[in-house]
Amino acid sequence: MESVTLLELSKLIAGCISGSLPGTYWVQAEISSMNIAGAGGHCYLELVQKDPSGRRFLAKVKANVWASIWARLKVRFEQSTGQYLQVGMKVLLQVEVQYHEVYGLSLVVYDIDPTYTMGDMARRRREILAQLEADGVIGLNRELPMPMVPQRIAIVSSATAAGYGDFCNQLDGNPYGFRFTMQLFPALMQGDGTEASVIQALNAIARQCDRWDVVVIIRGGGSVSELSCFDSYMMAMNIANFPLPVITGIGHERDDTVCDVVAHTKVKTPTAAAELLLARVLDSAQAMENLARRMAQALDNRMNVEKLRLQSLAQTIPSLFLLLKEKQEKKLDQIWGRMTWAVERMFTEQRHRLDMIGQKVESANPERILARGYSITVKDGHAVTSASALRKGDVITTRLADGTIESIIN
(Lines give C-alpha, C1' and ligand atoms only; values in the text may rest on other atoms or scores of the structure.)
Protein backbone atom coordinates (compact mmCIF):
# COMPACT_ATOMS: atom_id res chain seq x y z
CA MET A 1 0.00 0.00 0.00
CA GLU A 2 1.46 3.34 -1.04
CA SER A 3 1.49 6.11 1.59
CA VAL A 4 2.41 9.84 1.76
CA THR A 5 3.57 12.07 4.56
CA LEU A 6 1.33 14.75 6.04
CA LEU A 7 3.50 17.42 4.49
CA GLU A 8 3.22 15.80 1.10
CA LEU A 9 -0.57 15.61 1.47
CA SER A 10 -0.72 19.22 2.58
CA LYS A 11 1.31 20.32 -0.43
CA LEU A 12 -0.92 18.25 -2.67
CA ILE A 13 -3.99 20.01 -1.20
CA ALA A 14 -2.33 23.40 -1.62
CA GLY A 15 -1.53 22.61 -5.22
CA CYS A 16 -5.06 21.47 -5.94
CA ILE A 17 -6.53 24.61 -4.42
CA SER A 18 -4.17 26.96 -6.20
CA GLY A 19 -4.78 25.13 -9.45
CA SER A 20 -8.57 24.94 -9.05
CA LEU A 21 -9.08 28.43 -7.61
CA PRO A 22 -6.64 30.70 -9.39
CA GLY A 23 -6.67 34.47 -9.01
CA THR A 24 -8.96 36.40 -6.64
CA TYR A 25 -12.70 36.38 -5.81
CA TRP A 26 -15.10 38.96 -4.42
CA VAL A 27 -16.71 37.34 -1.39
CA GLN A 28 -19.69 38.51 0.67
CA ALA A 29 -19.36 37.71 4.35
CA GLU A 30 -19.90 38.95 7.90
CA ILE A 31 -17.04 39.66 10.29
CA SER A 32 -17.47 37.48 13.40
CA SER A 33 -14.12 38.23 15.03
CA MET A 34 -11.30 40.68 14.41
CA ASN A 35 -7.79 40.99 15.84
CA ILE A 36 -5.12 43.53 14.93
CA ALA A 37 -1.56 42.54 15.81
CA GLY A 38 -0.35 45.79 17.39
CA ALA A 39 0.03 49.22 15.83
CA GLY A 40 0.78 48.87 12.14
CA GLY A 41 0.42 45.09 12.31
CA HIS A 42 -1.54 42.51 10.39
CA CYS A 43 -5.35 42.21 10.75
CA TYR A 44 -6.78 38.74 11.36
CA LEU A 45 -10.45 38.18 10.62
CA GLU A 46 -12.94 35.37 10.95
CA LEU A 47 -15.60 35.51 8.26
CA VAL A 48 -18.95 33.75 8.50
CA GLN A 49 -22.18 33.33 6.62
CA LYS A 50 -25.36 32.77 8.67
CA ASP A 51 -28.73 31.37 7.83
CA PRO A 52 -31.62 33.84 7.40
CA SER A 53 -32.51 33.55 11.10
CA GLY A 54 -28.96 34.62 12.03
CA ARG A 55 -28.65 31.81 14.57
CA ARG A 56 -26.70 29.18 12.65
CA PHE A 57 -23.42 29.30 10.70
CA LEU A 58 -23.52 28.08 7.13
CA ALA A 59 -19.82 28.71 6.51
CA LYS A 60 -16.78 29.99 8.40
CA VAL A 61 -13.21 30.72 7.31
CA LYS A 62 -10.20 32.71 8.49
CA ALA A 63 -8.94 35.72 6.54
CA ASN A 64 -5.71 37.68 6.77
CA VAL A 65 -5.08 41.31 5.82
CA TRP A 66 -1.34 41.88 5.73
CA ALA A 67 -0.05 45.04 7.34
CA SER A 68 0.81 46.87 4.13
CA ILE A 69 -2.66 46.26 2.70
CA TRP A 70 -4.47 46.81 6.02
CA ALA A 71 -3.06 50.33 6.42
CA ARG A 72 -4.48 51.32 3.04
CA LEU A 73 -7.84 49.53 3.30
CA LYS A 74 -8.51 50.82 6.81
CA VAL A 75 -8.14 54.47 5.86
CA ARG A 76 -10.19 54.15 2.67
CA PHE A 77 -12.99 52.28 4.42
CA GLU A 78 -13.28 54.82 7.25
CA GLN A 79 -13.19 57.78 4.88
CA SER A 80 -15.89 56.27 2.68
CA THR A 81 -18.26 54.98 5.37
CA GLY A 82 -17.46 57.11 8.41
CA GLN A 83 -17.17 53.83 10.33
CA TYR A 84 -14.48 51.63 11.75
CA LEU A 85 -14.33 48.14 10.30
CA GLN A 86 -15.76 46.06 13.17
CA VAL A 87 -17.40 42.84 14.24
CA GLY A 88 -20.92 42.36 12.96
CA MET A 89 -20.40 44.28 9.72
CA LYS A 90 -21.21 42.73 6.40
CA VAL A 91 -18.38 43.26 3.92
CA LEU A 92 -17.48 42.56 0.32
CA LEU A 93 -13.81 41.51 0.15
CA GLN A 94 -11.47 40.67 -2.71
CA VAL A 95 -9.65 37.54 -1.56
CA GLU A 96 -7.26 34.88 -2.70
CA VAL A 97 -7.73 31.33 -1.44
CA GLN A 98 -4.59 29.86 0.14
CA TYR A 99 -3.72 26.65 1.89
CA HIS A 100 -0.69 26.57 4.19
CA GLU A 101 0.90 23.37 5.37
CA VAL A 102 0.85 24.58 9.01
CA TYR A 103 -1.95 27.17 9.22
CA GLY A 104 -4.42 25.44 6.96
CA LEU A 105 -7.05 27.07 4.72
CA SER A 106 -7.36 30.85 4.80
CA LEU A 107 -8.21 33.83 2.65
CA VAL A 108 -5.79 36.62 1.91
CA VAL A 109 -7.60 39.98 1.60
CA TYR A 110 -6.44 42.40 -1.06
CA ASP A 111 -9.31 44.88 -1.28
CA ILE A 112 -12.67 45.87 0.22
CA ASP A 113 -15.72 47.53 -1.33
CA PRO A 114 -17.01 50.18 1.15
CA THR A 115 -20.20 50.74 -0.84
CA TYR A 116 -21.37 47.20 -0.08
CA THR A 117 -21.05 47.78 3.66
CA MET A 118 -22.71 51.17 3.37
CA GLY A 119 -25.57 49.56 1.46
CA ASP A 120 -25.97 46.90 4.13
CA MET A 121 -25.92 49.51 6.86
CA ALA A 122 -28.51 51.56 4.98
CA ARG A 123 -30.65 48.45 4.52
CA ARG A 124 -30.50 47.68 8.24
CA ARG A 125 -31.36 51.26 9.03
CA ARG A 126 -34.37 51.19 6.66
CA GLU A 127 -35.57 47.94 8.24
CA ILE A 128 -35.31 49.40 11.74
CA LEU A 129 -37.17 52.58 10.72
CA ALA A 130 -39.87 50.50 9.01
CA GLN A 131 -40.31 48.42 12.16
CA LEU A 132 -40.52 51.54 14.34
CA GLU A 133 -43.09 52.98 11.92
CA ALA A 134 -45.10 49.75 12.12
CA ASP A 135 -44.90 49.91 15.92
CA GLY A 136 -46.33 53.43 15.79
CA VAL A 137 -43.63 54.99 17.97
CA ILE A 138 -41.56 57.18 15.63
CA GLY A 139 -43.35 60.43 16.51
CA LEU A 140 -44.21 59.70 20.16
CA ASN A 141 -41.42 61.70 21.78
CA ARG A 142 -42.02 64.69 19.51
CA GLU A 143 -45.61 64.86 20.80
CA LEU A 144 -44.35 65.77 24.28
CA PRO A 145 -44.40 69.52 24.97
CA MET A 146 -40.99 71.13 25.36
CA PRO A 147 -40.92 72.99 28.71
CA MET A 148 -41.01 76.77 28.46
CA VAL A 149 -37.99 77.03 30.77
CA PRO A 150 -35.91 73.83 30.41
CA GLN A 151 -33.32 74.36 33.15
CA ARG A 152 -33.13 70.88 34.74
CA ILE A 153 -31.15 68.74 32.31
CA ALA A 154 -30.28 65.04 32.49
CA ILE A 155 -27.25 64.33 30.28
CA VAL A 156 -26.42 60.96 28.71
CA SER A 157 -22.82 61.01 27.60
CA SER A 158 -19.33 59.82 28.35
CA ALA A 159 -17.59 61.82 31.06
CA THR A 160 -14.52 62.02 28.83
CA ALA A 161 -16.35 63.06 25.67
CA ALA A 162 -15.25 66.45 24.36
CA GLY A 163 -18.86 67.23 23.51
CA TYR A 164 -19.92 66.82 27.16
CA GLY A 165 -17.46 69.47 28.29
CA ASP A 166 -18.47 71.81 25.47
CA PHE A 167 -22.15 71.44 26.37
CA CYS A 168 -21.65 72.15 30.09
CA ASN A 169 -19.33 75.11 29.45
CA GLN A 170 -21.79 76.63 27.01
CA LEU A 171 -24.59 76.58 29.59
CA ASP A 172 -22.53 77.48 32.68
CA GLY A 173 -20.88 80.43 30.93
CA ASN A 174 -23.98 81.80 29.20
CA PRO A 175 -23.97 85.63 28.96
CA TYR A 176 -27.52 85.97 30.34
CA GLY A 177 -26.77 84.60 33.80
CA PHE A 178 -29.32 81.79 33.51
CA ARG A 179 -28.84 78.96 35.99
CA PHE A 180 -29.06 75.33 34.89
CA THR A 181 -29.16 72.14 36.96
CA MET A 182 -27.27 69.39 35.15
CA GLN A 183 -26.39 65.79 36.02
CA LEU A 184 -24.39 63.31 33.98
CA PHE A 185 -25.70 59.77 33.57
CA PRO A 186 -22.56 58.10 32.15
CA ALA A 187 -22.78 55.87 29.10
CA LEU A 188 -20.55 54.55 26.34
CA MET A 189 -20.79 56.58 23.17
CA GLN A 190 -19.21 54.10 20.74
CA GLY A 191 -18.54 50.42 20.44
CA ASP A 192 -20.48 47.24 21.08
CA GLY A 193 -21.61 48.23 24.57
CA THR A 194 -23.20 51.53 23.55
CA GLU A 195 -26.76 50.23 23.18
CA ALA A 196 -26.94 48.59 26.60
CA SER A 197 -25.10 51.47 28.29
CA VAL A 198 -27.34 54.20 26.90
CA ILE A 199 -30.51 52.25 27.71
CA GLN A 200 -29.27 51.75 31.27
CA ALA A 201 -28.68 55.51 31.63
CA LEU A 202 -32.16 56.29 30.26
CA ASN A 203 -33.71 53.85 32.73
CA ALA A 204 -31.90 55.58 35.59
CA ILE A 205 -33.31 58.95 34.47
CA ALA A 206 -36.83 57.53 34.06
CA ARG A 207 -36.84 56.41 37.70
CA GLN A 208 -36.51 60.06 38.75
CA CYS A 209 -38.05 61.82 35.74
CA ASP A 210 -39.93 64.32 37.94
CA ARG A 211 -36.55 65.90 38.74
CA TRP A 212 -35.77 66.74 35.09
CA ASP A 213 -37.20 68.85 32.29
CA VAL A 214 -35.36 67.32 29.32
CA VAL A 215 -32.82 64.62 28.43
CA VAL A 216 -29.82 65.42 26.21
CA ILE A 217 -27.82 62.63 24.53
CA ILE A 218 -24.50 64.09 23.40
CA ARG A 219 -21.30 62.70 21.97
CA GLY A 220 -19.41 65.08 19.74
CA GLY A 221 -15.75 65.57 19.04
CA GLY A 222 -13.15 63.26 17.51
CA SER A 223 -13.92 60.78 14.75
CA VAL A 224 -17.46 60.27 13.52
CA SER A 225 -16.91 56.56 13.08
CA GLU A 226 -18.90 53.87 14.83
CA LEU A 227 -22.12 55.88 14.75
CA SER A 228 -23.93 52.74 13.65
CA CYS A 229 -24.42 51.96 17.34
CA PHE A 230 -27.08 54.70 17.31
CA ASP A 231 -28.94 52.85 14.54
CA SER A 232 -30.33 50.59 17.25
CA TYR A 233 -33.92 49.40 17.42
CA MET A 234 -33.91 48.95 21.22
CA MET A 235 -32.25 52.30 21.86
CA ALA A 236 -34.72 54.00 19.53
CA MET A 237 -37.67 52.32 21.26
CA ASN A 238 -36.48 53.62 24.62
CA ILE A 239 -36.08 57.16 23.29
CA ALA A 240 -39.43 57.15 21.46
CA ASN A 241 -41.31 55.99 24.57
CA PHE A 242 -39.38 58.15 27.03
CA PRO A 243 -41.59 60.32 29.31
CA LEU A 244 -39.43 63.45 28.81
CA PRO A 245 -38.39 65.27 25.60
CA VAL A 246 -35.09 63.85 24.33
CA ILE A 247 -32.59 66.06 22.46
CA THR A 248 -29.80 64.36 20.48
CA GLY A 249 -26.55 66.14 19.74
CA ILE A 250 -24.37 63.24 18.65
CA GLY A 251 -22.01 65.46 16.67
CA HIS A 252 -22.01 64.43 13.04
CA GLU A 253 -22.84 65.98 9.70
CA ARG A 254 -23.83 62.80 7.88
CA ASP A 255 -27.34 61.39 7.59
CA ASP A 256 -29.40 61.21 10.77
CA THR A 257 -29.15 58.08 12.89
CA VAL A 258 -32.26 56.16 13.89
CA CYS A 259 -32.02 57.71 17.37
CA ASP A 260 -32.05 61.18 15.76
CA VAL A 261 -35.22 60.29 13.87
CA VAL A 262 -37.21 59.27 16.96
CA ALA A 263 -35.88 62.01 19.28
CA HIS A 264 -37.97 65.06 20.14
CA THR A 265 -35.33 67.42 18.68
CA LYS A 266 -32.14 66.62 16.79
CA VAL A 267 -29.18 68.99 16.49
CA LYS A 268 -25.79 68.43 14.91
CA THR A 269 -23.48 69.07 17.86
CA PRO A 270 -23.52 69.27 21.67
CA THR A 271 -22.86 73.00 21.41
CA ALA A 272 -25.96 73.35 19.23
CA ALA A 273 -27.95 71.47 21.89
CA ALA A 274 -26.80 73.97 24.52
CA GLU A 275 -27.69 76.87 22.22
CA LEU A 276 -31.14 75.37 21.66
CA LEU A 277 -31.82 75.27 25.41
CA LEU A 278 -30.44 78.76 25.94
CA ALA A 279 -32.63 80.12 23.15
CA ARG A 280 -35.67 78.45 24.69
CA VAL A 281 -35.02 79.95 28.13
CA LEU A 282 -34.18 83.36 26.60
CA ASP A 283 -37.41 83.38 24.59
CA SER A 284 -39.39 82.56 27.73
CA ALA A 285 -37.59 85.27 29.71
CA GLN A 286 -38.27 87.85 27.01
CA ALA A 287 -41.91 86.77 26.80
CA MET A 288 -42.26 87.16 30.57
CA GLU A 289 -40.55 90.54 30.44
CA ASN A 290 -42.91 91.70 27.68
CA LEU A 291 -45.88 90.42 29.66
CA ALA A 292 -44.71 92.26 32.77
CA ARG A 293 -44.26 95.45 30.72
CA ARG A 294 -47.76 95.15 29.26
CA MET A 295 -49.23 94.49 32.71
CA ALA A 296 -47.46 97.54 34.12
CA GLN A 297 -48.73 99.69 31.24
CA ALA A 298 -52.25 98.36 31.65
CA LEU A 299 -52.11 99.05 35.39
CA ASP A 300 -50.85 102.58 34.77
CA ASN A 301 -53.66 103.20 32.26
CA ARG A 302 -56.23 101.89 34.71
CA MET A 303 -54.85 104.09 37.48
CA ASN A 304 -55.16 107.15 35.25
CA VAL A 305 -58.75 106.26 34.37
CA GLU A 306 -59.65 105.75 38.03
CA LYS A 307 -57.93 109.00 38.96
CA LEU A 308 -60.04 110.92 36.45
CA ARG A 309 -63.16 109.15 37.71
CA LEU A 310 -62.38 110.10 41.29
CA GLN A 311 -61.79 113.71 40.29
CA SER A 312 -65.16 113.75 38.56
CA LEU A 313 -66.79 112.23 41.62
CA ALA A 314 -65.12 114.81 43.87
CA GLN A 315 -66.76 117.57 41.84
CA THR A 316 -70.14 115.86 41.82
CA ILE A 317 -70.32 114.75 45.46
CA PRO A 318 -71.04 118.18 47.11
CA SER A 319 -74.11 118.80 44.96
CA LEU A 320 -75.20 115.22 45.42
CA PHE A 321 -74.71 115.58 49.17
CA LEU A 322 -76.91 118.68 49.31
CA LEU A 323 -79.60 117.01 47.24
CA LEU A 324 -79.43 113.95 49.45
CA LYS A 325 -79.60 116.13 52.57
CA GLU A 326 -82.74 117.88 51.29
CA LYS A 327 -84.33 114.56 50.46
CA GLN A 328 -83.44 113.16 53.86
CA GLU A 329 -84.77 116.25 55.68
CA LYS A 330 -88.01 116.06 53.75
CA LYS A 331 -88.27 112.38 54.44
CA LEU A 332 -87.59 112.98 58.16
CA ASP A 333 -90.30 115.68 58.26
CA GLN A 334 -92.75 113.22 56.73
CA ILE A 335 -91.76 110.54 59.19
CA TRP A 336 -92.03 112.96 62.14
CA GLY A 337 -95.48 114.06 61.02
CA ARG A 338 -96.65 110.46 60.73
CA MET A 339 -95.16 109.63 64.13
CA THR A 340 -96.86 112.69 65.78
CA TRP A 341 -100.24 111.80 64.28
CA ALA A 342 -99.83 108.17 65.37
CA VAL A 343 -98.95 109.18 68.98
CA GLU A 344 -101.86 111.64 69.21
CA ARG A 345 -104.22 109.01 67.89
CA MET A 346 -102.88 106.48 70.38
CA PHE A 347 -103.38 108.94 73.26
CA THR A 348 -106.95 109.71 72.11
CA GLU A 349 -107.80 106.01 71.94
CA GLN A 350 -106.33 105.37 75.38
CA ARG A 351 -108.25 108.34 76.94
CA HIS A 352 -111.47 107.02 75.43
CA ARG A 353 -110.74 103.56 76.78
CA LEU A 354 -110.04 104.96 80.27
CA ASP A 355 -113.31 106.92 80.17
CA MET A 356 -115.25 103.76 79.35
CA ILE A 357 -113.53 101.88 82.15
CA GLY A 358 -114.31 104.72 84.59
CA GLN A 359 -117.94 104.65 83.63
CA LYS A 360 -118.11 100.93 84.22
CA VAL A 361 -116.42 101.26 87.59
CA GLU A 362 -118.72 104.08 88.66
CA SER A 363 -121.82 102.16 87.64
CA ALA A 364 -120.66 99.22 89.77
CA ASN A 365 -120.15 101.41 92.95
CA PRO A 366 -122.20 99.90 95.88
CA GLU A 367 -123.14 103.37 97.19
CA ARG A 368 -124.90 104.16 93.94
CA ILE A 369 -126.71 100.83 94.11
CA LEU A 370 -127.91 101.48 97.71
CA ALA A 371 -129.07 104.97 96.76
CA ARG A 372 -131.44 103.44 94.28
CA GLY A 373 -133.26 101.56 97.11
CA TYR A 374 -131.32 98.38 97.23
CA SER A 375 -129.77 96.89 100.42
CA ILE A 376 -126.94 94.54 101.25
CA THR A 377 -127.26 91.81 103.92
CA VAL A 378 -124.04 90.68 105.59
CA LYS A 379 -123.34 87.79 107.95
CA ASP A 380 -119.99 87.60 109.64
CA GLY A 381 -118.65 90.19 107.20
CA HIS A 382 -119.76 88.26 104.10
CA ALA A 383 -122.65 89.17 101.81
CA VAL A 384 -125.67 86.84 102.07
CA THR A 385 -126.70 85.82 98.58
CA SER A 386 -129.09 82.94 99.45
CA ALA A 387 -131.66 82.39 102.25
CA SER A 388 -130.55 78.81 102.56
CA ALA A 389 -127.24 80.06 103.88
CA LEU A 390 -128.96 81.34 107.13
CA ARG A 391 -129.78 79.38 110.26
CA LYS A 392 -131.93 80.07 113.31
CA GLY A 393 -130.14 82.35 115.72
CA ASP A 394 -127.85 83.87 113.07
CA VAL A 395 -127.20 87.58 113.45
CA ILE A 396 -127.30 89.49 110.19
CA THR A 397 -126.69 93.11 109.31
CA THR A 398 -128.66 94.87 106.61
CA ARG A 399 -127.04 97.93 105.13
CA LEU A 400 -129.22 100.66 103.60
CA ALA A 401 -128.34 103.96 101.96
CA ASP A 402 -128.84 105.87 105.22
CA GLY A 403 -127.86 103.27 107.86
CA THR A 404 -127.77 99.65 109.01
CA ILE A 405 -130.22 97.23 110.70
CA GLU A 406 -129.20 94.18 112.74
CA SER A 407 -131.55 91.20 112.86
CA ILE A 408 -131.72 87.74 114.49
CA ILE A 409 -133.10 84.83 112.51
CA ASN A 410 -136.02 83.11 114.45
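At what angle do α3 and helix α6 pack, and how far apart are their axes? In this predicted model, the two helices, α3 and α6 (residues 233-240), pack at about 35°, with 10 Å between their axes. The crossing of α3 past α6 is right-handed. On the α3 side, the contact is made by Ile128, Gln131, Leu132 and Asp135, while α6 brings in Tyr233, Ala236 and Met237. Sorted by type, the residues of this contact come out as five nonpolar, one polar and one charged.

Gln131 deserves a closer look. This residue sits in helix α3, which spans residues 114-135. With a relative accessible area of 39%, Gln131 is partly exposed, because that value falls between the 20% and 50% cut-offs. Leu93 is 38 residues from Gln131 in sequence, and the C-alpha atoms of the pair are 30 Å apart in space.

Leu132, another α3 residue in the α6 contact, also turns up in the largest nonpolar core. That core has 33 residues, and Leu132, Val156, Ile205, Val215, Phe230 and Ile239 touch the most other members. Elements giving two or more residues to the core are α3, β6 (152-157), α5 (194-206), β8 (214-218), α6 and α7 (258-262). The largest share, five residues, comes from α5.

As for Val215, leaving aside residues up to four places away in sequence, its contacts are Ala154, Val156, Leu202, Ile205, Phe242, Leu244, Pro245, Val246 and Ile247. A separate core of 22 residues lies apart from the largest one, and includes Ile17, Ile31, Ala63 and Ile112. In soluble globular proteins, nonpolar side chains tend to be buried together.

Definitions and conventions:
Residues are numbered from 1 along each chain as its sequence is written. This is a predicted model: local features need pLDDT of at least 70, side-chain atom pairs count only at pLDDT 80 or more; totals for chains, interfaces and linings use all residues. Side-chain values use heavy atoms; hydrogens and water are left out. Helices (H or I, at least four residues) and strands (E, at least two) are DSSP runs, numbered from the N terminus. Buried means under 20% relative accessible area, exposed over 50%, partly exposed in between (1.4 Å probe, protein chains only). Axes are lines fitted to C-alpha atoms, for helices over the stretch in contact, and angles run from 0 to 180 degrees between N-to-C directions. A crossing is left-handed if the near helix is turned anticlockwise from the far one by less than a right angle, and right-handed if clockwise. Contact means heavy atoms within 4.5 Å. Ala, Val, Leu, Ile, Met, Phe, Trp, Tyr, Cys and Pro count as nonpolar, Asp, Glu, Lys and Arg as charged, and the others, Gly among them, as polar. A nonpolar core is a set of buried Ala, Val, Leu, Ile, Met, Phe, Trp, Tyr and Cys residues joined through side-chain atoms within 4.5 Å.
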